[in-house]
Structure formats: C-alpha cells, structure tokens
Amino acid sequence: MNILCNCLAQTDYGYHWDPQTEHCKDINECETIPDACKGEMKCFNHYGGYLCLPRSASVIPAPEPPITPTEAFNPCPVGYEPQGDSCVDVDECERDEHDCQPSQQCINTLGAFTCQCPDGYRKVGTECIDIDECRYRYCQHRCVNVPGSFSCQCEPGFQLAGNNRSCIDVNECEMGAPCSQRCYNTYGTFLCRCDQGYELGPDGFACNDIDECSYSSYLCQFQCVNEPGKFSCVCPEGYQLLGTRMCQDINECETGKHQCTEAQTCVNIHGRYQCVDNNRCQDPYVQVSENRCVCPVNKPACRDLPFSIVHRYMSITSERSVPSDIFQIQATSVSAGAYNTFRIRSGDDNGDFYIRQINNISAMLVLARAVSGPREYTLDLEMVSVNPLVSYQGNYQTSSALRLSIYVGPYTF
C-alpha cells in the first residue's frame with residue numbers, strides 16, 4: 001500500500017497506477033494533452049513530464065526507473081523465468097512486453113529484446129524514418145521513392161534492364177512502331193521514313209502519296225496521271241510514249257493498223273492517218289504516173305490550166321512558231337533560157353502562207369501565222385515558166401502545179 005499511495009500521490013506529476021501490472025507507469029502527455037506544444041515546437045515525452053523542443057532536436061530517452069517488484073521472488077536472471085528446475089528465456093516480443101514503437105520490429109534475444117527498423121528505414125531517435133534511396137542515385141534515369149523501398153523508371157524509349165536499375169534502349173521498330181512504311185530505330189526513340197513517291201505526314205508516322213503531277217505541268221508532254229507512290233505519262237489516241245514522258249506519233253501506215261483499200265494510199269499524219277485515192281486526177285487531167293496528172297494540150301479545157309499537177313501530202317503540228325519554212329518546191333526539169341516564178345495559185349484564202357523564192361528552180365513555202373488543228377489545207381503551188389527562146393509570137397509561157405495537202409495535227413507535238 002505504501003507504493004500505491006506514493007504513485008497516487010504522484011498522479012499529478014506524470015505517473016498513474018496500472019492495476020494489471022501493479023506498477024506506476026509514466027503518462028505520455030504528448031498523447032493525452034491536446035496541443036501540448038505550440039508553434040513550431042515538438043513534444044518529447046519523458047518520465048514524469050514532457051519537453052517542448054524544436055523539431056530538429058532529438059532526445060535520447062533514458063531507461064525507465066526501476067520499479068519495485070511486487071511479484072514473487074524470481075530466482076532466474078532478468079529476461080528469464082523458472083520452468084521446473086531450469087530458467088528459460090522470456091519472449092518479450094510474443095508477450096507484447098516490449099516498448100518498441102509501432103514503426104519498429106521487436107526481435108527477441110536471450111534474456112532481452114531489441115527494437116529494429118524494417119528494411120528501407122533508419123532509426124532517428126526512437127522513430128523509424130523512411131530512407132530516401134533516390135538521394136543516392138540508385139537509378140540510371142528516374143527514381144521513385146516509396147515507403148521502405150524505391151523503384152526505378154526509364155524515360156520513354158527505354159526499358160529496365162535485368163538489374164531493375166539500368167535502362168536499355170527499346171527497339172520500337174520490332175515492337176510495332178506505328179510507321180506506315182519504313183522504321184529506323186535510334187537511341188531512345190525511332191524515326192519513320194517513306195518510300196520514294198511518298199512524304200511523311202504531320203503526325204510523323206503516316207506516309208502520304210506525293211501528287212507529282214501538281215508540281216509541274218512539264219512532267220509529261222501530254223498528260224500526267226498520278227499513281228500511288230509515282231506518276232505516269234499518257235499520250236492521246238494515235239500517239240505512243242517515247243521513253244517515259246514524250247509522245248510520238250504512231251505511223252499506222254507502217255504498222256499496218258489502217259483500213260485503207262487497195263485502191264487507196266495510206267498517208268500518215270499527226271495522231272491519225274488519211275486514206276487517199278491512188279488516182280486523184282480530175283477531168284480534164286489524166287494520170288500518167290503515181291501522183292502525177294497531165295492536162296493534154298489537145299483539150300480546149302487545158303488552155304488556162306497548169307500542164308501538170310503533182311500530188312504531195314504533209315503534216316505539221318499545231319501552234320508552230322512563225323514564220324516557219326515547211327515545204328520546199330523544186331523544179332524537176334527546166335528548159336534552157338526559161339525564167340521561173342512561183343506562187344500560191346489557190347487554197348490560201350486566209351493568207352496563212354506565202355512563197356519565198358530561193359532561186360530560179362526552187363522556192364520555199366512559209367507558214368506565216370500560227371495555226372491550230374485539227375485542220376486541213378489543200379494548196380496549189382504553181383511554177384510559171386517563161387522562155388523567150390522558143391517563142392514564135394511573144395514569150396512562151398507554161399506552168400505546172402504541186403497540189404500540197406497539209407494536215408495540221410491537234411497538238412503541239
């Protein structure tokens with residue numbers, strides 16, 4: 001009763017009586033008194049009272065004062081208890097007869113116990129504080145501290161190595177990178193590239209077809225056709241590709257792809273062909289050879305007509321630059337002492353042509369104005385010969401004509 005009285009007498013001084021253990025126990029004022037310390041001060045309990053100290057201060061607690069035992073006499077050392085004729089160790093951790101903090105682990109030892117912090121914690125005073133492993137640079141890229149441990153994370157484009165700390169490059173190209181055509185792995189990332197004829201889209205992944213035809217009107221001579229990843233040139237009917245971009249007229253007369261009869265002659269022109277009769281001589285003319293007609297002098301109707309007409313055919317392109325020499329007229333036979341002149345007898349109603357005489361036996365037909373096809377001209381080019389040496393009554397004059405059929409193609413090629 002004397003101990004009980006002393007403890008009761010000290011209730012106001014930081015102790016209280018524990019009827020279970022029949023001991024006087026210290027009161028933890030830091031837990032029982034609300035706001036025991038004000039401001040930035042931290043409460044530290046001690047036997048019979050408490051202290052208010054700065055938060056950076058630490059207190060090394062003193063061992064509890066010995067309590068006068070009330071139990072029966074124990075012949076065994078402290079931490080042991082009698083069992084039969086021997087002393088056995090008391091497991092204070094199992095009996096919960098220890099003073100380890102909730103954050104600590106109780107480890108039983110012979111005759112005593114120790115309080116240890118779990119892995120990943122360190123002891124500061126009586127408390128276990130988490131160790132910030134990230135402060136020690138355990139990770140190659142990023143470290144994430146968690147209570148009692150840490151984890152390593154890698155930047156995008158990398159993955160953790162087998163040691164869970166180093167970061168190794170990820171080959172995104174082998175892991176389904178979203179490149180629509182070609183993928184190139186680089187350190188920490190990847191690049192998408194496109195095949196020829198495509199360009200990389202704004203997202204950096206998709207490849208969009210390049211419309212080469214929209215860049216220039218000179219890629220193809222006639223028409224450009226855009227295709228996935230490329231382009232091709234096409235030519236109009238009657239033409240074929242020469243190489244990959246130019247158009248060349250198909251000579252149907254040489255290839256046999258025409259429908260002219262045996263009584264006709266095939267004449268190739270730009271983009272098509274023309275079938276002309278083998279005999280184009282019209283009365284009063286008679287055919288004397290291929291393409292040549294003669295008007296007999298014994299026929300009265302031949303008096304004012306050229307003595308002979310030779311048929312010729314040619315084709316030119318549209319929008320030809322002018323003036324342009326297109327056909328040369330050459331006399332096949334000339335009488336001695338004859339003087340020759342050349343003119344356009346008929347067929348040039350709009351003045352699209354003119355004659356430029358070169359010498360006494362030849363002249364040049366000149367295109368005077370740019371013309372567009374398809375169009376056809378039939379010009380009679382006449383050579384008038386005057387020979388005073390064979391004239392009995394004044395100058396002797398004869399003429400011959402070249403009937404030239406000119407086909408103007410529909411294109412500039």
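**A chain with 19 disulfides**

C253 has a relative accessible area of 23%, which makes this cysteine partly exposed. Buried residues fall under 20% and exposed ones over 50%, so a value of 23% belongs to the class in between. The model is predicted. C253 is a good place to enter it.

C253 is bonded to C266 in a disulfide, with an S to S distance of 1.9 Å. The torsion about this S-S bond is -75°, and the link is left-handed. C253 sits in helix α3, residues 252–255, while C266 sits in strand β23, residues 264–269; the bond therefore ties together parts 13 residues apart in sequence. The partner, C266, has a relative accessible area of 19%. That value is under 20%, so C266 counts as buried. One end of this bond is thus partly exposed, and the other is buried.

Now step back to the whole chain. It holds three helices and 33 strands. Its radius of gyration is 60 Å, whereas a compact globule of 413 residues would have one near 22 Å. The box around the C-alpha atoms tells of the outline too: roughly 185 × 50 × 30 Å along the principal axes.

How much of the chain is buried? Of its 413 residues, 28% count as buried. The accessible surface comes to about 26600 Å². Carbon and sulfur atoms supply 50% of that surface. Contacts add another view. Among those with a separation of 6 or more, 33% are between residues 24 or more positions apart.

Charge comes next. The chain carries 29 positive and 52 negative charges. The mean position of the positive charges lies 24 Å from that of the negative ones.

Back to the cysteines. The search of the whole structure finds 19 disulfides. One of them joins C30 and C43, with the sulfur atoms 1.8 Å apart. What is the handedness of this disulfide of C30 and C43? The torsion about its S-S bond is about -80°, so it is left-handed. C30 belongs to helix α2, residues 29–32, and C43 to strand β3, residues 41–46; the two are 13 residues apart, and the pair links distant parts of the chain. C30 has 25% relative accessibility and so counts as partly exposed. C43, at 21%, also counts as partly exposed.

Another disulfide joins C179 to C192, S to S 1.8 Å. Its torsion is about -80°, so this bond is left-handed. C179 lies in the loop between β14 (167–169) and β15 (182–186), and C192 lies in strand β16, residues 189–193. The two cysteines are 13 residues apart, and again the pair links distant parts of the chain. Are C179 and C192 buried or exposed? Both are buried.

Finish at A36, which sits in the loop between α2 and β3. Its relative accessible area is 18%, so A36 counts as buried. Which residues does A36 touch, not counting those up to four places away in sequence? They are E29, C43, Y50 and C52. C43 is already familiar, as the disulfide partner of C30. Y50 is 14 residues from A36 along the chain. The C-alpha atoms of A36 and Y50 are separated by 8.8 Å.

Terms used. Residues numbered from 1 in each chain as written. Predicted model: local features only at pLDDT ≥ 70, side-chain atom pairs only at ≥ 80, totals over all residues. Heavy atoms only, no water. Helix = DSSP H or I, 4+ residues; strand = E, 2+ residues; numbered from the N terminus. Rg over C-alpha atoms; globule rule 2.2 N^0.38 Å. Buried < 20%, exposed > 50% of the residue type's maximum accessible area, 1.4 Å probe, protein only. Contact = heavy atoms within 4.5 Å. Areas by Shrake-Rupley, 256 points an atom, 1.4 Å probe, with all protein chains shown as cover. Lys, Arg positive; Asp, Glu negative; His and termini not counted. Charge placed at Lys NZ, Arg CZ, Asp CG, Glu CD. Disulfide = S-S within 2.5 Å.
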